[in-house]
Amino acid sequence: SASGARVVSTWDFGVGANQVAWKTLSAGGSALDAVEAGARWAESDLCNPTVGRCGNPDRDGVLSLDASIMDGDGRCGSVAALSDIAHPVSVARRVMEKTPHVMLVGEGAQQFAVQQGFERRKLLTPEAEKAWREWLKTAQYTPEINAERRSRPGGSSNHDTLGMLAIDAQGRLAGACTTSGMAWKMHGRVGDSPIIGAGLYVDNEVGAATASGVGEEMIRNAASFLVVELMRQGRSPADACREAIARVVRKRPEASKTLQVCFLALNKHGEVGAYALHRGFVYAVCDTDRQDDLRDSASVY
Ligand code: SD4
(Lines give C-alpha, C1' and ligand atoms only; values in the text may rest on other atoms or scores of the structure.)
Protein backbone atom coordinates (compact mmCIF):
# COMPACT_ATOMS: atom_id res chain seq x y z
CA SER A 1 0.00 0.00 0.00
CA ALA A 2 0.99 3.63 -0.38
CA SER A 3 0.56 4.53 3.27
CA GLY A 4 3.08 7.16 4.28
CA ALA A 5 3.86 8.04 0.69
CA ARG A 6 3.58 11.65 -0.38
CA VAL A 7 4.72 13.89 -3.22
CA VAL A 8 4.98 17.68 -3.29
CA SER A 9 5.71 20.06 -6.17
CA THR A 10 6.18 23.71 -6.94
CA TRP A 11 3.50 25.84 -8.62
CA ASP A 12 0.00 25.08 -9.82
CA PHE A 13 1.16 22.74 -12.57
CA GLY A 14 2.61 20.70 -9.69
CA VAL A 15 -0.89 19.28 -9.20
CA GLY A 16 -0.74 17.52 -12.56
CA ALA A 17 2.86 16.45 -12.06
CA ASN A 18 2.03 15.02 -8.62
CA GLN A 19 -0.82 12.97 -10.05
CA VAL A 20 1.57 11.35 -12.50
CA ALA A 21 4.13 10.69 -9.74
CA TRP A 22 1.34 9.33 -7.56
CA LYS A 23 0.63 6.51 -10.02
CA THR A 24 4.11 5.20 -9.23
CA LEU A 25 3.93 5.81 -5.48
CA SER A 26 0.45 4.34 -5.05
CA ALA A 27 1.56 1.18 -6.84
CA GLY A 28 4.38 0.77 -4.32
CA GLY A 29 7.03 2.22 -6.63
CA SER A 30 10.12 4.12 -5.58
CA ALA A 31 10.29 7.84 -4.84
CA LEU A 32 13.03 8.06 -7.50
CA ASP A 33 10.83 6.58 -10.25
CA ALA A 34 7.94 8.76 -9.09
CA VAL A 35 9.80 12.07 -9.33
CA GLU A 36 11.25 11.19 -12.72
CA ALA A 37 7.78 10.38 -14.06
CA GLY A 38 6.30 13.56 -12.59
CA ALA A 39 9.07 15.73 -13.99
CA ARG A 40 8.76 14.14 -17.42
CA TRP A 41 5.11 15.11 -17.46
CA ALA A 42 5.99 18.73 -16.74
CA GLU A 43 8.68 18.65 -19.42
CA SER A 44 6.44 17.57 -22.22
CA ASP A 45 2.85 16.52 -21.66
CA LEU A 46 2.22 19.94 -20.27
CA CYS A 47 3.00 22.71 -22.69
CA ASN A 48 4.38 25.20 -20.22
CA PRO A 49 6.45 28.14 -21.41
CA THR A 50 8.80 27.70 -18.50
CA VAL A 51 9.54 23.99 -18.24
CA GLY A 52 10.89 21.68 -20.89
CA ARG A 53 10.23 21.60 -24.58
CA CYS A 54 7.69 24.44 -24.58
CA GLY A 55 9.95 26.74 -22.61
CA ASN A 56 11.03 30.22 -23.60
CA PRO A 57 14.53 30.54 -25.06
CA ASP A 58 17.57 32.54 -24.02
CA ARG A 59 18.27 35.98 -25.47
CA ASP A 60 19.83 34.45 -28.57
CA GLY A 61 16.67 32.43 -29.23
CA VAL A 62 18.17 29.14 -28.02
CA LEU A 63 16.08 26.93 -25.74
CA SER A 64 18.42 25.42 -23.16
CA LEU A 65 17.24 23.14 -20.41
CA ASP A 66 18.53 22.43 -16.89
CA ALA A 67 17.53 19.45 -14.75
CA SER A 68 18.63 17.39 -11.78
CA ILE A 69 17.57 14.29 -9.90
CA MET A 70 18.67 13.06 -6.50
CA ASP A 71 18.01 10.02 -4.37
CA GLY A 72 18.02 10.05 -0.58
CA ASP A 73 21.18 7.94 -0.47
CA GLY A 74 23.26 10.71 -2.08
CA ARG A 75 23.16 9.44 -5.64
CA CYS A 76 22.54 12.31 -8.04
CA GLY A 77 22.83 13.45 -11.62
CA SER A 78 22.24 16.62 -13.57
CA VAL A 79 22.43 18.29 -16.94
CA ALA A 80 22.76 21.96 -17.73
CA ALA A 81 22.41 24.07 -20.86
CA LEU A 82 21.09 21.05 -22.74
CA SER A 83 19.49 21.75 -26.12
CA ASP A 84 17.25 19.75 -28.46
CA ILE A 85 16.51 16.91 -26.02
CA ALA A 86 12.96 16.70 -24.70
CA HIS A 87 13.53 14.99 -21.34
CA PRO A 88 16.45 16.49 -19.46
CA VAL A 89 15.37 14.89 -16.17
CA SER A 90 15.77 11.43 -17.70
CA VAL A 91 19.17 12.38 -19.10
CA ALA A 92 20.09 13.54 -15.58
CA ARG A 93 19.07 10.13 -14.25
CA ARG A 94 21.26 8.42 -16.86
CA VAL A 95 24.17 10.64 -15.83
CA MET A 96 23.57 9.39 -12.28
CA GLU A 97 23.27 5.73 -13.21
CA LYS A 98 25.50 5.27 -16.24
CA THR A 99 28.46 7.58 -15.73
CA PRO A 100 31.12 8.14 -13.07
CA HIS A 101 30.04 11.81 -13.02
CA VAL A 102 27.33 13.95 -11.48
CA MET A 103 26.91 16.72 -14.02
CA LEU A 104 27.18 17.11 -17.79
CA VAL A 105 26.73 20.39 -19.64
CA GLY A 106 26.03 21.74 -23.11
CA GLU A 107 27.33 19.78 -26.06
CA GLY A 108 28.72 16.99 -23.92
CA ALA A 109 25.37 16.49 -22.25
CA GLN A 110 23.65 16.37 -25.62
CA GLN A 111 26.20 13.93 -27.01
CA PHE A 112 25.67 11.64 -24.03
CA ALA A 113 21.88 11.87 -24.39
CA VAL A 114 22.05 10.88 -28.07
CA GLN A 115 24.38 7.97 -27.20
CA GLN A 116 21.79 6.88 -24.65
CA GLY A 117 19.09 6.80 -27.33
CA PHE A 118 17.36 10.11 -26.71
CA GLU A 119 16.04 11.72 -29.86
CA ARG A 120 17.67 14.95 -30.91
CA ARG A 121 15.24 17.46 -32.38
CA LYS A 122 14.51 21.18 -32.45
CA LEU A 123 12.20 21.94 -29.56
CA LEU A 124 11.51 25.66 -29.69
CA THR A 125 7.78 26.06 -30.27
CA PRO A 126 6.40 28.66 -32.73
CA GLU A 127 4.75 30.35 -29.71
CA ALA A 128 8.03 30.62 -27.82
CA GLU A 129 9.81 31.88 -30.92
CA LYS A 130 7.13 34.52 -31.35
CA ALA A 131 7.44 35.54 -27.70
CA TRP A 132 11.20 35.82 -28.16
CA ARG A 133 10.81 38.05 -31.26
CA GLU A 134 8.45 40.22 -29.26
CA TRP A 135 10.95 40.34 -26.39
CA LEU A 136 13.73 41.38 -28.79
CA LYS A 137 11.93 44.69 -29.37
CA THR A 138 12.93 45.85 -25.92
CA ALA A 139 15.45 43.16 -24.96
CA GLN A 140 15.17 44.02 -21.27
CA TYR A 141 16.01 41.31 -18.75
CA THR A 142 13.64 41.96 -15.86
CA PRO A 143 12.52 38.75 -14.14
CA GLU A 144 8.85 38.91 -13.31
CA ILE A 145 7.65 37.74 -9.90
CA ASN A 146 5.42 34.64 -10.05
CA ALA A 147 5.40 34.50 -13.83
CA GLU A 148 4.80 30.77 -13.38
CA ARG A 149 1.23 31.32 -12.27
CA ARG A 150 0.33 32.81 -15.59
CA SER A 151 2.19 30.22 -17.59
CA ARG A 152 0.69 29.84 -20.98
CA PRO A 153 2.06 28.93 -24.39
CA GLY A 154 3.70 31.99 -25.85
CA GLY A 155 3.19 33.92 -22.66
CA SER A 156 5.70 36.37 -21.36
CA SER A 157 6.56 34.18 -18.41
CA ASN A 158 10.26 34.50 -17.71
CA HIS A 159 11.02 32.00 -15.02
CA ASP A 160 9.62 28.64 -14.15
CA THR A 161 10.54 25.37 -12.71
CA LEU A 162 9.08 22.17 -11.52
CA GLY A 163 10.69 21.13 -8.25
CA MET A 164 9.33 17.84 -6.96
CA LEU A 165 10.04 15.93 -3.73
CA ALA A 166 8.69 12.51 -2.79
CA ILE A 167 8.74 9.99 0.00
CA ASP A 168 7.68 6.44 -0.84
CA ALA A 169 5.97 3.79 1.28
CA GLN A 170 9.37 2.46 2.34
CA GLY A 171 10.36 5.88 3.66
CA ARG A 172 12.88 6.59 0.89
CA LEU A 173 13.16 10.17 -0.34
CA ALA A 174 13.96 11.51 -3.80
CA GLY A 175 13.66 14.77 -5.70
CA ALA A 176 13.81 16.20 -9.19
CA CYS A 177 14.03 19.67 -10.61
CA THR A 178 13.55 20.65 -14.25
CA THR A 179 13.36 23.99 -16.04
CA SER A 180 14.03 25.99 -19.15
CA GLY A 181 15.58 28.49 -16.76
CA MET A 182 15.03 32.21 -16.78
CA ALA A 183 13.55 33.29 -20.09
CA TRP A 184 15.82 35.68 -22.02
CA LYS A 185 18.84 34.67 -19.94
CA MET A 186 22.32 35.03 -21.41
CA HIS A 187 23.38 32.18 -23.67
CA GLY A 188 25.28 29.73 -21.47
CA ARG A 189 23.67 30.85 -18.23
CA VAL A 190 23.06 28.03 -15.78
CA GLY A 191 20.58 28.40 -12.93
CA ASP A 192 20.18 26.63 -9.62
CA SER A 193 18.01 23.77 -10.84
CA PRO A 194 20.86 21.50 -12.03
CA ILE A 195 23.17 22.46 -9.17
CA ILE A 196 22.97 19.86 -6.42
CA GLY A 197 22.55 21.73 -3.14
CA ALA A 198 21.18 24.87 -4.80
CA GLY A 199 17.98 23.89 -6.61
CA LEU A 200 17.67 20.44 -5.09
CA TYR A 201 18.99 18.45 -2.16
CA VAL A 202 17.87 15.14 -0.67
CA ASP A 203 19.10 13.18 2.33
CA ASN A 204 17.22 10.14 3.68
CA GLU A 205 18.51 10.95 7.18
CA VAL A 206 16.69 14.29 7.23
CA GLY A 207 14.53 15.30 4.30
CA ALA A 208 14.54 17.06 0.96
CA ALA A 209 14.32 20.58 -0.40
CA THR A 210 13.87 22.27 -3.76
CA ALA A 211 13.61 25.83 -5.00
CA SER A 212 12.08 28.04 -7.64
CA GLY A 213 12.60 31.65 -8.59
CA VAL A 214 15.71 33.56 -9.55
CA GLY A 215 18.36 30.85 -9.39
CA GLU A 216 21.32 33.13 -8.77
CA GLU A 217 19.99 33.69 -5.23
CA MET A 218 19.77 29.95 -4.58
CA ILE A 219 23.30 29.31 -5.81
CA ARG A 220 24.66 32.18 -3.70
CA ASN A 221 23.13 30.65 -0.58
CA ALA A 222 23.53 26.91 -1.34
CA ALA A 223 19.86 27.14 -0.59
CA SER A 224 18.41 23.63 -0.85
CA PHE A 225 21.35 22.24 1.10
CA LEU A 226 20.81 24.99 3.65
CA VAL A 227 17.13 24.06 4.07
CA VAL A 228 18.03 20.39 4.61
CA GLU A 229 20.76 21.29 7.11
CA LEU A 230 18.33 23.53 9.02
CA MET A 231 15.91 20.60 9.24
CA ARG A 232 18.81 18.43 10.44
CA GLN A 233 19.21 20.87 13.31
CA GLY A 234 15.62 20.21 14.32
CA ARG A 235 13.56 22.76 12.43
CA SER A 236 10.27 21.89 10.77
CA PRO A 237 10.20 22.11 6.95
CA ALA A 238 8.29 25.43 7.08
CA ASP A 239 10.67 26.88 9.65
CA ALA A 240 13.72 25.75 7.72
CA CYS A 241 12.36 27.36 4.54
CA ARG A 242 11.60 30.58 6.43
CA GLU A 243 15.11 30.77 7.89
CA ALA A 244 16.65 30.14 4.47
CA ILE A 245 14.53 32.94 2.99
CA ALA A 246 15.69 35.21 5.83
CA ARG A 247 19.27 34.39 4.79
CA VAL A 248 18.49 35.42 1.19
CA VAL A 249 17.10 38.75 2.43
CA ARG A 250 20.06 39.41 4.74
CA LYS A 251 22.48 38.81 1.92
CA ARG A 252 20.79 41.08 -0.62
CA PRO A 253 18.11 43.20 1.06
CA GLU A 254 17.53 45.52 -1.90
CA ALA A 255 17.42 42.84 -4.61
CA SER A 256 15.07 40.79 -2.42
CA LYS A 257 12.35 43.38 -2.88
CA THR A 258 12.05 42.73 -6.59
CA LEU A 259 13.12 39.09 -7.06
CA GLN A 260 11.10 36.00 -6.26
CA VAL A 261 12.66 33.09 -4.36
CA CYS A 262 10.61 30.11 -3.19
CA PHE A 263 11.57 27.06 -1.12
CA LEU A 264 9.68 23.82 -0.67
CA ALA A 265 10.71 21.10 1.80
CA LEU A 266 9.62 17.63 2.84
CA ASN A 267 11.11 15.89 5.86
CA LYS A 268 11.58 12.17 6.42
CA HIS A 269 8.34 12.04 8.41
CA GLY A 270 6.43 13.33 5.40
CA GLU A 271 5.87 16.81 6.83
CA VAL A 272 5.73 19.57 4.23
CA GLY A 273 6.61 23.25 4.42
CA ALA A 274 7.31 26.20 2.16
CA TYR A 275 8.28 29.84 2.28
CA ALA A 276 8.80 32.53 -0.33
CA LEU A 277 10.14 36.02 -0.58
CA HIS A 278 6.99 37.35 -2.25
CA ARG A 279 3.33 36.43 -2.16
CA GLY A 280 1.92 34.15 -4.79
CA PHE A 281 4.03 31.01 -4.46
CA VAL A 282 1.77 27.96 -4.52
CA TYR A 283 2.71 24.32 -4.09
CA ALA A 284 0.91 21.05 -4.62
CA VAL A 285 0.67 18.20 -2.11
CA CYS A 286 -0.49 14.70 -2.98
CA ASP A 287 -0.95 11.61 -0.78
CA THR A 288 -3.50 8.86 -0.13
CA ASP A 289 -6.01 11.35 1.22
CA ARG A 290 -5.91 14.00 -1.50
CA GLN A 291 -4.43 14.13 -4.95
CA ASP A 292 -5.22 17.73 -5.88
CA ASP A 293 -4.24 19.81 -2.89
CA LEU A 294 -2.83 23.24 -3.84
CA ARG A 295 -1.53 25.38 -0.98
CA ASP A 296 -0.46 28.99 -0.61
CA SER A 297 3.00 29.58 0.78
CA ALA A 298 3.67 32.18 3.43
CA SER A 299 6.08 34.93 2.39
CA VAL A 300 8.14 37.85 3.61
CA TYR A 301 6.52 40.49 1.37
C1 SD4 B 1 16.40 29.28 -12.71
N2 SD4 B 1 15.23 28.65 -10.71
O3 SD4 B 1 16.82 28.86 -13.78
C4 SD4 B 1 15.15 28.64 -12.13
C5 SD4 B 1 13.97 29.34 -12.67
C6 SD4 B 1 12.73 29.13 -11.89
O7 SD4 B 1 10.55 29.44 -11.56
O8 SD4 B 1 12.65 28.56 -10.87
N9 SD4 B 1 11.62 29.61 -12.29
O10 SD4 B 1 16.92 30.20 -12.10
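Okay, let's start at serine 83, which sits in the loop between strand S3, residues 76-82, and helix H3, residues 88-98. One thing before I go on: this is a predicted model, so please hear everything that follows as a description of that model.

So, serine 83: buried or exposed? Its relative accessibility is 17%, and the cut-off for buried is under 20%, so serine 83 counts as buried. Its side chain has a partner too, reaching the backbone oxygen of leucine 63 at 3.1 Å. If you leave out residues up to four places away in sequence, serine 83 touches Val62, Leu63, Ser64 and Gln110.

Just before that loop there's a backbone detail in strand S3. Alanine 81 lies in S3, and alanine 81 has a positive phi of about 50 degrees although it is not a glycine. If you're checking backbone torsions, there's another alanine for your list. Alanine 139 also has a positive phi, about 50 degrees, and again is not a glycine. Where is alanine 139? You'll find it in the loop between helix H5, residues 126-136, and S5. Alanine 139 has a relative accessible area of 42%, so it comes out as partly exposed.

Back to serine 83, because it takes us to the pocket. Which residues lie nearest the centre of the largest pocket? Those are Val62, Leu63, Ser83, Asp84 and Lys122, out of 13 lining residues. Notice that Val62 and Leu63 were also on the contact list for serine 83. The space in the largest pocket is about 180 Å³. Helix H4, residues 106-115, gives the most to the lining, with 3 residues. As for chemistry, the lining is made up of 5 nonpolar, 4 polar and 4 charged residues.

Now the enclosed space. How many cavities of 30 Å³ or more does a search of the whole structure find? The search finds 1. The largest cavity holds about 50 Å³ of space. It is lined by 11 residues, and nearest its centre are Thr161, Thr179, Gly181, Arg189 and Asp192. The lining of this cavity divides into 1 nonpolar, 7 polar and 3 charged residues.

Two of those cavity names, Thr161 and Thr179, lead us into the strands. Threonine 161 stands opposite threonine 179 in S6. Strand S5, residues 161-167, runs antiparallel to S6, and 7 bridges join the two. S5 and S6 form a hairpin with 5 residues between them, and in the turn glycine 171 has a positive phi of about 80 degrees.

S6 has another partner as well. Strand S2, residues 65-71, is joined to S6 by 6 bridges, and that pair is also antiparallel. To give you a register point, isoleucine 69 stands opposite alanine 176 in S6.

With S2 and S5 both paired to S6, how many residues of S6 are buried? The count is 7 of its 7, for residues 173-179. Leu173, Gly175, Cys177 and Thr179 point one way, while Ala174, Ala176 and Thr178 point the other way, and all are buried.

Last stop, helices H7 and H8. H7, residues 223-232, is mostly covered, with 8 of its 10 residues buried. The buried ones are Ala223, Ser224, Leu226, Val227, Val228, Glu229, Leu230 and Met231, so you can see that Glu229, a charged residue, is in that set. What do the buried residues of H7 pack against? They pack against strand S7 (200-203), strand S8 (207-213), helix H6 (215-220), H8 and strand S9 (261-267). After H7 comes glycine 234, with a positive phi near 110 degrees.

For a look at the H7 and H8 packing from the other side, take alanine 240, which lies in helix H8, residues 237-251. Alanine 240 has a relative accessible area of 0%, so it is buried. Setting aside residues up to four places away in sequence, alanine 240 touches Val227, Leu230, Met231 and Arg235. Val227, Leu230 and Met231 are among the buried residues of H7 we just went through. And to place alanine 240 in the wider model, its C-alpha atom is separated by 37 Å from that of leucine 124, which is 116 residues away along the chain.

That's my tour, so let's open it up for discussion.

Definitions and conventions: Residues numbered from 1 in each chain as written. Predicted model: local features only at pLDDT ≥ 70, side-chain atom pairs only at ≥ 80, totals over all residues. Heavy atoms only, no water. Helix = DSSP H or I, 4+ residues; strand = E, 2+ residues; numbered from the N terminus. Buried < 20%, exposed > 50% of the residue type's maximum accessible area, 1.4 Å probe, protein only. Polar contact = N/O pair within 3.5 Å; in protein donor to acceptor, adjacent residues only side chain to side chain. Contact = heavy atoms within 4.5 Å. Pairing = 2+ DSSP bridges. 1 Å grid on protein atoms, 1.4 Å probe; cavity = no way out; pocket = protein on both sides within 12 Å on 5 of 7 lines; lining within 4 Å. Points joined across faces, edges and corners; volume = space filled by probe spheres on them.
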